[in-house]
Amino acid sequence: VISLREIDSTNYRECIALSVAPGQEHFVASNVQSLADAYVYPDAEPYALYDEADEMVGFALLFPLPEGGPADSVPPGAALVGYILVRLMIDSGFQGRGYGRAAVDAIVERVRQRGLQKIRLSVVPENEQALALYERNGFVRTGELEGPEIVLERSV
Ligand SMILES: CC(C)(COP(=O)(O)OP(=O)(O)OC[C@H]1O[C@@H](n2cnc3c(N)ncnc32)[C@H](O)[C@@H]1OP(=O)(O)O)[C@@H](O)C(=O)NCCC(=O)NCCS
């Protein structure tokens, strides 16, 4: 089971120290980049991912998805339909233990608790492991591309 926790002054250094495995670097931005993105876009929701032993094993960045599609900021008064999973990473030392799948479950639960319906994300085509993880967990390709990236969505 993975829990999502806010990032604050007590845990942000640990978050920045997490890293993906060699060869995965171009699949996801660094956590320091993601925290900078979250600083600049006030609607962004960065979360540290903790395992049952209270160890930080990964990071996720969510962004609210307004009606009408992705936007840099949610227009005032716009209805939300779901969230965009902008970044997801499990530290290389913790990969292959089911945490990626458990993180998707925790994110789905969070979106459901908010009463929203949809999760959207995009994956670089070479990232076969992430594509397989998402497609086995309810995400389907929409047929859109964002730059080179394959767009997937699931309803919650
Ligand atoms: C993609 C990622 C989040 C998966 O995290 P993880 O904790 O290793 O994933 P899990 O252990 O839950 O495994 C997910 C699936 O991949 C399979 N898998 C795990 N390690 C694998 C490996 N080395 N090779 C092939 N398949 C593997 C598992 O069997 C599992 O299948 P299942 O869903 O049918 O059970 C992780 O590899 C990662 O951080 N990658 C770099 C960043 C990235 O690509 N993020 C996604 C951006 S969209």
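Reader: Between which two elements does the loop with Asn137 lie?
Author: In this predicted model, Asn137 belongs to a loop rather than to a helix or strand. The elements on either side of this loop are helix H4 (128-136) and strand E6 (140-146).

Reader: Is Asn137 buried or exposed?
Author: The relative accessibility of Asn137 is 10%. Buried means under 20%, so Asn137 counts as buried.

Reader: Which residues does Asn137 touch, not counting residues up to four places away in sequence?
Author: Asn137 lies in the loop between H4 and E6. Once residues up to four places away in sequence are set aside, the residues that Asn137 touches are Arg101, Val104 and Arg154.

Reader: Which kind of aromatic pair do Tyr134 and Phe139 form?
Author: A search of the whole structure gives three aromatic pairs. Tyr134 and Phe139 form one of them, with 5.4 Å centre to centre and 65° between the planes. Planes over 60 degrees apart count as edge-to-face, so the pair of Tyr134 and Phe139 is edge-to-face.

Reader: Which element gives the most to the largest nonpolar core?
Author: The largest nonpolar core has 30 residues, and Ile2, Leu49 and Tyr134 are among those with the most contacts inside it. Elements that each supply at least two residues of this core include strand E2 (45-50), strand E4 (80-90) and H4. With eight residues, the element that gives the most to this core is H3.

Reader: How many residues does the second, separate core have?
Author: Leu18, Ala44, Ala48 and Ile84 are included in this second core. The number of residues in this separate core is 16.

Conventions:
Residues are numbered from 1 along each chain as its sequence is written. This is a predicted model: local features need pLDDT of at least 70, side-chain atom pairs count only at pLDDT 80 or more; totals for chains, interfaces and linings use all residues. Side-chain values use heavy atoms; hydrogens and water are left out. Helices (H or I, at least four residues) and strands (E, at least two) are DSSP runs, numbered from the N terminus. Buried means under 20% relative accessible area, exposed over 50%, partly exposed in between (1.4 Å probe, protein chains only). Contact means heavy atoms within 4.5 Å. Rings of Phe, Tyr and Trp (its six-membered ring) pair if their centres lie within 6.5 Å; planes under 30 degrees apart count as stacked, over 60 as edge-to-face and the rest as tilted. A nonpolar core is a set of buried Ala, Val, Leu, Ile, Met, Phe, Trp, Tyr and Cys residues joined through side-chain atoms within 4.5 Å.
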